[in-house]
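Me: Please take a close look at a single part of the model below and describe how it sits in the rest.

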Amino acid sequence: MKVLDLQCPDGHRFEGWFASADDFESQRSRKLVECPMCGAKDVNRLPSAPRLNLSGATEASSRPAADEAAHRQAAAMRVLREVLDKTENVGDRFAEEARRIHYREAPSRNIRGVASAEDAQALVEEGIEVMPLPVPAALKGSLQ
Ligand SMILES: [Zn+2]
């Protein structure tokens, strides 16, 4: 048996059980497959997705969640790019430069760079504000 994700022209999604994909095609061409909600016979097969559950309603509501995750990721990327635009890259001199700025030995500005966990911890203990910035691998090349 094969479980296929199907959709009618009205956008109703449902599942059909067939002996094989060919069996579905054959039944569909003979108009034997119909939408359980509106009875439409022009049913299309959707690309199969991981099965989350068997209820059409719950499955539909899982889509916005995936969209939301994508939106969140896009928003995080925007914030990251903004930070990159507004900061000066001091590379591995980050800890040193952050101290110089903190003690007013260097002009006040926003910097970014690389610091070891120990350096970052030491800066925090000295009252210097540091923000860990997780940089996605895709952006690494443009950073250094
Ligand atoms: Zn329908």
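Going by its relative accessibility, what does K41 count as?

Reply: K41 counts as partly exposed, at 37% relative accessibility (buried is under 20%, exposed over 50% and partly exposed in between, with a 1.4 Å probe and protein chains only). This is a predicted model, in which local features need pLDDT of at least 70 and side-chain atom pairs pLDDT 80 or more, while totals for chains, interfaces and linings use all residues. Numbering starts from 1 along each chain as its sequence is written, and side-chain values use heavy atoms, without hydrogens or water.

The partner of K41 in a salt bridge is E34, with 3.0 Å between the closest N and O atoms (the criterion is a side-chain nitrogen of Lys or Arg within 4 Å of a carboxyl oxygen of Asp or Glu). E34 is also partly exposed, at 42% relative accessibility. The next residue in sequence, C35, belongs to the zinc site.

C35 and C38 bind the zinc ion through SG, as does C8, and H12 binds through ND1; these protein donors lie 2.0 to 2.3 Å from the ion (donors are N, O and S atoms within 2.8 Å of the metal, or 3.2 Å for Na, K and Ca). The angles subtended by the four donor atoms run from 103 to 114°, so the arrangement is tetrahedral (all angles between 85 and 135 degrees). In general, the ideal angle for four tetrahedral donors is 109.5 degrees. Along the sequence the donor residues follow the spacing C-x3-H-x22-C-x2-C. H12 and C35 link distant parts of the chain: H12 is in the loop between β1 and β2, and C35, 23 residues away, is in the loop between α1 (21-29) and β3 (44-45). The two differ in burial: H12 is partly exposed, with a relative accessible area of 24%, whereas C35 is buried, at 1%.

C35 has further neighbours. Leaving aside residues within four places in sequence, C35 is in contact with C8, H12, F14, A40 and V43 (heavy atoms within 4.5 Å). C8, F14, C35, A40 and V43 are among the 10 residues of the largest nonpolar core, with L4, L6, F18, F24 and V33 making up the rest (buried Ala, Val, Leu, Ile, Met, Phe, Trp, Tyr and Cys residues joined through side-chain atoms within 4.5 Å). β1 (2-7) and β2 (13-18) are the elements that each give two or more residues to this core. Apart from it there is another core of nine residues, including F94, A95, A98 and I101.

Salt bridges also occur elsewhere; the whole structure has nine. R93 pairs with E97 at 2.9 Å, N to O. E97 is buried at 4% relative accessibility, whereas R93 is partly exposed at 37%. R99 pairs with E126 at 2.8 Å, N to O. R99 lies in helix α3 (residues 94-102) and E126 in the loop between α4 (117-125) and α5 (137-143), 27 residues apart. Salt bridges with shared partners join E88, R93, E97, R100 and R109 into one network.

As for the surrounding chain, the protein has five helices and five strands (DSSP runs of H or I of at least four residues, and of E of at least two). From the N terminus, their order is β-β-α-β-α-β-α-β-α-α. Of its 144 residues, 22% are buried.

How values were computed: Four donors count as tetrahedral if all angles lie between 85 and 135 degrees; four count as square planar and six as octahedral if opposite donors are over 155 degrees apart and all others between 65 and 115; anything else is irregular.
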